[in-house]
Amino acid sequence: MATKSKTKKVTDDAIITAYMEYVLEHETTPKSIFKFCKANGFSEADFYTYFGSMEGLQKAIWIKFFTNTEALMTKNKEYESFSNKEKMLTFFYSFFELMTLNRSYVLFCLGEGKQIMKNAGQLKGLRKHVVAFGRDLIEDANADKTLKITKHNPRLFSEGAWLQFMFVLRFWIEDDSPGFEKTDMAIEKSINTIFDVFDNTPLENIIDFGKFLFKEKIA
């Protein structure tokens, strides 16, 4: 009979770390929650305290990537004084720095090319957070505008933030440049493009971005 663990409290972070190490060492997902828990010295009760299924755990890892990025950003005392563009750039740079630290896991669970979209179901929770982040930025900007005609559509902007995230994610996965410097360029150009569109600034950056995409053969 399974019993509740009597050892020190098992955290969600400990389970996530164990899972990520397991799939990288075995190059496959655990066959069952029971075997996974037994191999790592915690009970199924510990697992179900935080996750309802293995799929739920996989989705939670991506949400954890977001919350860790958010915590890192807000540690910067100057963050709240950043413009919306600076906040978006900070998010993307910080998130993909974290991705680089976990690149082997990301490549394992998402794959490359068409596999990315096939395996994108585990990003559903992350999507909600990224969309909410984009919506909060545009709503904050709208609060300072008195004329309705000058306000931007929060839904359009937030969905655009998610599409932009998926573009950068795929670009980063396929990026083989030293230090992923091309990804940094893609982030800067793409975020500038988004804000150019919303701020009705000249289209030079959009044209420049299009050339960049064509050059990298990802348009």
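Asp12, Asp13 and Lys64 are linked in a network of salt bridges. That is a good place to start a walk through this structure, which is a predicted model. Side chains of opposite charge can pair when their charged atoms come close.

**Charged pairs**

How many salt bridges does the structure hold? There are five. Three of the pairs are set out here, with the distance between their closest N and O atoms.

| Pair | Closest N and O atoms |
|---|---|
| Asp12 and Lys64 | 3.1 Å |
| Arg127 and Glu159 | 2.5 Å |
| Arg170 and Glu174 | 3.4 Å |

Let us begin with the pair that belongs to the network. Asp12 forms a salt bridge with Lys64, and this pair links distant parts of the chain. Asp12 sits in helix H1, which covers residues 12-26, while Lys64 is found in helix H4, made of residues 54-74. In sequence, 52 residues separate the two. Asp12 has a relative accessibility of 23%, so it counts as partly exposed.

Next comes the salt bridge between Arg127 and Glu159. Where do these two residues lie? Arg127 is in helix H8 (residues 124-142) and Glu159 is in helix H9 (residues 154-174), so their pairing ties together parts that are 32 residues apart in sequence. Arg127 is partly exposed, with a relative accessible area of 31%. Glu159 is partly exposed too, at 26% relative accessibility.

Helix H9 also holds a pair of its own: Arg170 and Glu174 both lie in it. They are four residues apart, which is about one turn of the helix. The two residues form a salt bridge with each other. With 38% relative accessibility, Arg170 counts as partly exposed, and Glu174, whose relative accessible area is 39%, is partly exposed as well.

**A tyrosine in helix H6**

Now turn to Tyr105, a residue of helix H6 (residues 103-110). Is Tyr105 buried or exposed? Its relative accessible area is 2%, and because buried means under 20%, Tyr105 is buried.

Which residues does Tyr105 touch? Leaving out residues up to four places away in sequence, Tyr105 is in contact with Tyr19, Met20, Val23, Leu24, Ile61, Phe65 and Gln122. You can also look for Glu27 in the structure: its C-alpha atom is separated from that of Tyr105 by 9.8 Å, and the two residues are 78 residues apart along the chain.

Definitions and conventions. Residues are numbered from 1 along each chain as its sequence is written. This is a predicted model: local features need pLDDT of at least 70, side-chain atom pairs count only at pLDDT 80 or more; totals for chains, interfaces and linings use all residues. Side-chain values use heavy atoms; hydrogens and water are left out. A salt bridge is a side-chain nitrogen of Lys or Arg within 4 Å of a carboxyl oxygen of Asp or Glu. Buried means under 20% relative accessible area, exposed over 50%, partly exposed in between (1.4 Å probe, protein chains only). Contact means heavy atoms within 4.5 Å.
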